[in-house]
Amino acid sequence: MNDRQDLIDSLSADLAVVKPAPSAARLALVWGVLSALYVMAVTHLFGPLRPTALQQLVSEPRFLGESLLGVMALAVAALISFRAAIPGALSRLLALTGGVLLALWLGAYLFGLISPALEPSMAGKRPHCFLETFLYALPPLFAGLLLVKRLYPLQPGRAGLWLGLTAGLLPALYMQLACMYIPDHILKFHIAPGLGVAAVAVPLGRWMLARR
């Protein structure tokens, strides 16, 4: 008995107190809010909102619904991004919910090719919105990867993908207020570069988040 206790004491003598992993929900909330504020600020820095955008949110229920669906989809995607970096924390139900919300939101713009939520208009056109959407997403993406690195992502590619989707589609969502509303333009110049950020985030996440 004494030998066993001595063995336990010798094995535990040098153990250090380990801090618990940060809350995925708290990290997602802080990162998501700060990223959204950054995207809004930098978007306004390089141009105003579409003149009628805020009025349309009030007067056009379908446009408001599209916007709120985008907010919900990206909020869930942000939570998934950080839960994916904690072993066993991401449930299939949450991942499925995030995927369905994103599909519904993006599908709304595909449906808009047939029946747009707003009367298509060139009002608010930003000449470089494709480049803006891509570049505005990069700082939130890198900040998110640095936060995720504090956790223990066993599948860094998956964590990078969800971070890339969230970071890339945040400016795409805000461009619905800042740039012209034409579904074909939205898909090509707002959504496409946002998805491009997600594609870049997969190999970037594997590189930055690999456990060494």
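Which residues does H190 touch, not counting residues up to four places away in sequence?

1. In this predicted model, H190 touches C129, T133, A172, M175, Q176, C179, M180 and H185, once residues up to four places away in sequence are set aside. H190 has its place in helix α8, and at 0% relative accessibility it counts as buried, because the cut-off for that class is under 20%. The side chain of H190 is also joined to the side chain of H185 by a polar contact of 3.4 Å.

2. The overall fold can be stated briefly: the protein has eight helices and zero strands, and from the N terminus on its elements run α-α-α-α-α-α-α-α. Buried residues make up 45% of the 212 residues, while the protein exposes about 11,500 Å², of which carbon and sulfur atoms supply 70%. Among contacts with a separation of 6 or more, 86% are accounted for by residues 24 or more positions apart.

3. Helix α8, residues 183-208, deserves a second look for its geometry. Its 26 residues should span 38 Å at 1.5 Å a residue, and the end C-alpha atoms are 35 Å apart, which agrees with that expectation. The helix nevertheless bends by about 35 degrees at I191, and a proline, P193, follows within four residues.

4. I191 appears again in the largest nonpolar core, which holds 61 residues and in which F82, L102, W105, L141, L169 and I191 touch the most other members. At least two residues of this core come from each of α2 (24-45), α3 (53-59), α4 (61-83), α5 (92-112), α6 (129-148), α7 (156-178) and α8. The helix that gives the most to this core is α7, with 13 residues. As for F82, leaving out residues up to four places away in sequence, it touches A24, L27, A28, W31, G144, L147, V148, L151 and L163.

5. Two other members of that group, L102 and W105, are listed among the buried residues of α5, which are L94, G98, L101, L102, W105, L106, A108, Y109 and G112. What covers these buried residues includes α4, α7 and α8. The spacing in such a list may be read against a general property: an α-helix has 3.6 residues a turn, so residues three or four places apart point the same way. For α5 the expected and modelled lengths also agree, since its 21 residues should span 30 Å at 1.5 Å a residue and its end C-alpha atoms are 30 Å apart.

6. Is E132, which is found in helix α6, buried or exposed? At 10% relative accessibility E132 counts as buried, because this value is under 20%. Its side chain makes a polar contact with the side chain of R126 (2.9 Å), and, not counting residues up to four places away in sequence, E132 touches F46, R126 and M175. E132 and P171 are 39 residues apart in sequence, yet their C-alpha atoms are 8.0 Å apart in space.

7. A further pairing across the sequence involves L177, which lies in helix α7 and counts as buried at 13% relative accessibility. L177 and L57 are separated by 120 residues in sequence and by 9.0 Å in space, C-alpha to C-alpha. With residues up to four places away in sequence left out, L177 touches L49, R50, A53, L57 and F63, so that L57 is itself one of its contacts under the cut-off of heavy atoms within 4.5 Å.

Technical notes:
Residues numbered from 1 in each chain as written. Predicted model: local features only at pLDDT ≥ 70, side-chain atom pairs only at ≥ 80, totals over all residues. Heavy atoms only, no water. Buried < 20%, exposed > 50% of the residue type's maximum accessible area, 1.4 Å probe, protein only. Areas by Shrake-Rupley, 256 points an atom, 1.4 Å probe, with all protein chains shown as cover. Expected span 1.5 Å × (residues − 1). Bend = angle between axes of the 7 residues up to and from the residue. Polar contact = N/O pair within 3.5 Å; in protein donor to acceptor, adjacent residues only side chain to side chain. Core = buried A, V, L, I, M, F, W, Y, C linked by side-chain atoms within 4.5 Å.
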